[in-house]
Amino acid sequence: MGASGGSDEYTPPRLSRLLHAVPHINVTLHRVNDTFAPDSPVYLESLGIIGSIPGAWLILTLLVLLIYLLTRCCDRKQRPPKSITALKITLMFLSVLCCGAIGVGLFGNDDLHNAMLQSIQAGNQLAALVNTVKNQSSILEEAMGSRARAPLVRLTDALEAPVVNQTALGTLLRALSALRNNASAAASAADNLRRPLAALNLDAFMKRLWVWEAARWGGGMAGWCCGGAVCVALLAAAARRSRRALLLLCVCALGGLVSCWAGAALLAAGAVSAADACLDPAAALAHHAPHRLSPDMVHYYLSCKVSRENVLTAELRNAQRAVVAVRQALAVLTRGAPQLFNDPGLQPALGALGAGTGEAERALVSLSGALECRMARAYFVAGARAACDAGLQALTLQLLAAVAAGFLFTAIVLVDSHAWIYINTKRSGTGEEQAPFLSSGSSAATRSLPRPAPFPNGKPPSYSAAVQLMDLTLADSHRPRSRMSGSATLGRGATGGGAGAAALGGAATLGRAHNGKYATLSKQCKTLESNDFY
């Protein structure tokens, strides 16, 4: 992959070169420049085409699933129990595989988060260098500018007093002029050091980057965990053979399928663009990072290759020469002015200028270390290695996991749909539905009728028992009517014999009707017995 951890040299990882080799084409299928250029519409168009490949596969998959469901939703053919068992086992196996792919995605998401945190830490160290340059340049400008004005005025007033030794006075005046000019030059150089970096606020940028990365990590973890929850629920639903649960989880798996392929589209475009940037991250940051610095300046500090004199280092040398000249002039004034002039304000002015010069020298030491390109490059290489080596690997791992999960969710939707459509029998103790998908009202009503209760000993009654049962039924139905007929006959016999004869005729007719029913039932029982129904 990259260079060793202790080296300041950056080598693009093999994965970066491999992804960079992916053809960058436009809508006319012509190759375009593959150099990282996020502000170029042509380059963004090529990334969009790379990301559209998983999107096109998603559309094709949804079309195939639609056709499959249209062909299967009206299938009412009963399936043997063994086929349903095979579907359950297949669905459980696919769910386990999908859980494994989602676990790989979770690992890649967490690994990418760790790599980004390392890059952000390196960026914070670069931000600390920038803050050091801005702070120390402000201290230098204040020591040689605003704080030196009052002592210079007091020193000028003291040297205006009349003296006899004009030669010594001329030497002191020249030293005072040199001190004033060089202090002004040092303050101007400090302002030139601070001004280009005034608009550069790496601290705020790193905080925003950390918030974005935290949101990306949290969203990725939530998405992968939701997919894993669907797979685990599919395992439980397949084990319990719950038709309603399988129907609901089929819809959830369809949503997971769409999410995986949409995520794969974003990850594919992101991985290729990151690989393009990782070939030369210094040039990418110099030309496309959100800053107002000169690209030559940024490239100088990130690559530490001196192609021309850097503006900041040139201003640093100017400030160093000016402060050295201030120190020399101040030494001349400190030796000669107290001997030539007896002014009580002379010594405090020289002391204030000496303290300011010492503070400026210390600021220059800090600036020399902060503006050294090797330190900035060391931080940059550490961050680039974390992002382009471990980060790009984790991004590619998530891409592969999303593609694998997309294929597995497709298979799960197919098998799950096959399963819940054909699960149409209800076992005792389960909450499965009876009617198949889209069954008619009459067939559903017919299948929803309760089954007859089983016989006590597992066998139907014998023929003789059935005949005895019919005799008892006929006797029970005839007995009350015979009593009524007898009572009527006795009652009417008291009044006249004609009415009694009529009652006896009615009783005879009723008996013949019952005998006819008895003969019919006996014939039906014999027919059933001959057909071996029992």
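Helix 2, residues 41-72, is where I'll start: helix 2 gives the most to a nonpolar patch, with seven residues. Bear in mind that this is a predicted model. The patch sits on the surface and is formed by Trp57, Leu60, Leu63, Val64, Leu66, Ile67, Leu70 and Phe407. Together these residues have about 780 Å² of accessible area. Leu70, for one, lies in helix 2.

Next, a helix pair. Helix 4 covers residues 146-159 and helix 11 covers residues 346-370. Their axes come within 9 Å and cross at roughly 145 degrees. The crossing of helix 4 past helix 11 is left-handed. Which residues make the contact? On helix 4, they are Arg147, Ala148, Pro151, Leu152, Arg154, Leu155 and Ala158. On helix 11, they are Leu346, Pro348, Ala349, Leu350, Ala352, Leu353 and Glu359. Sorted by class, that contact has 11 nonpolar residues, three charged ones and no polar ones.

Last, the charged pairs. How many salt bridges are there? The count comes to seven, taking a side-chain nitrogen of Lys or Arg within 4 Å of a carboxyl oxygen of Asp or Glu. One salt bridge joins Arg194 to Glu141, with the closest N and O atoms 3.4 Å apart. This pair links distant parts of the chain, as the two residues are 53 residues apart. Arg194 is in helix 5, residues 166-194, while Glu141 is in helix 3, residues 81-144.

How values were computed. Residues are numbered from 1 along each chain as its sequence is written. This is a predicted model: local features need pLDDT of at least 70, side-chain atom pairs count only at pLDDT 80 or more; totals for chains, interfaces and linings use all residues. Side-chain values use heavy atoms; hydrogens and water are left out. Axes are lines fitted to C-alpha atoms, for helices over the stretch in contact, and angles run from 0 to 180 degrees between N-to-C directions. Helices (H or I, at least four residues) and strands (E, at least two) are DSSP runs, numbered from the N terminus. A crossing is left-handed if the near helix is turned anticlockwise from the far one by less than a right angle, and right-handed if clockwise. Contact means heavy atoms within 4.5 Å. Ala, Val, Leu, Ile, Met, Phe, Trp, Tyr, Cys and Pro count as nonpolar, Asp, Glu, Lys and Arg as charged, and the others, Gly among them, as polar. Patches are made of residues with over 30% relative accessible area and no salt bridge: like charges are joined within 9 Å, nonpolar side chains (Val, Leu, Ile, Met, Phe, Trp, Tyr) within 5 Å. Accessible areas come from the Shrake-Rupley method with a 1.4 Å probe; for residues, only the protein chains shown count as cover.
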